[in-house]
Amino acid sequence: MMVQVKCYSSYTYAQEPQSFIWQGEEIRIKEIENAWQEPGKRLFKVITEKGKPFKLCYNETNDQWLAVEL
């Protein structure tokens, strides 16, 4: 599902996601368990403040974020 993400960006965009909008609600991220890159993408496995795991993917080519509940 496409989502809006608020993230910390220092030397590059999408360095560290902090929250995202999921089903009309802002979901705050408690922890980033894993972060990795694939060609044209930045991926994050995160745990929300409510303890739910999500995978976030930033597609650099399309400038879009996707979220999947795990």
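Let's start with the aromatics: Phe20, Trp22 and Phe54 come together as one aromatic cluster. Keep in mind that this is a predicted model. If you count ring pairs with centres within 6.5 Å, you get four aromatic pairs. One of them is Trp22 with Phe54, an edge-to-face arrangement with 5.0 Å from centre to centre and 75° between the planes. That pair ties together distant parts of the chain, since Trp22 belongs to strand β3 (residues 16-22) and Phe54 to strand β6 (residues 53-59), 32 residues apart. Both Trp22 and Phe54 are buried.

From β3, step across to strand β2. The two strands, β2 and β3, run antiparallel and pair over four bridges. Look along β2 (residues 5-8) and you'll see two faces: Val5 and Cys7 sit on the covered one, while Lys6 and Tyr8 are on the uncovered one. Tyr8 also helps you line the strands up, as it stands opposite Glu16 in β3.

Now over to strand β5 (residues 41-48), where you'll find Arg42. Is this arginine buried or exposed? Arg42 has a relative accessible area of 15%, and the cut-off for buried is under 20%, so Arg42 counts as buried. What does the Arg42 side chain meet there? Its polar contact with the side chain of Glu60 is 3.4 Å. Beyond its neighbours within four places in sequence, Arg42 touches a mixed set of residues, including Thr12, Tyr13 and Ala14, then Trp36 and Gln37, and also Leu56, Cys57 and Tyr58. Glu60 appears among these contacts too.

How values were computed:
Residues numbered from 1 in each chain as written. Predicted model: local features only at pLDDT ≥ 70, side-chain atom pairs only at ≥ 80, totals over all residues. Heavy atoms only, no water. Phe/Tyr/Trp six-rings, centres within 6.5 Å; stacked < 30°, edge-to-face > 60°. Buried < 20%, exposed > 50% of the residue type's maximum accessible area, 1.4 Å probe, protein only. Pairing = 2+ DSSP bridges. Polar contact = N/O pair within 3.5 Å; in protein donor to acceptor, adjacent residues only side chain to side chain. Contact = heavy atoms within 4.5 Å.
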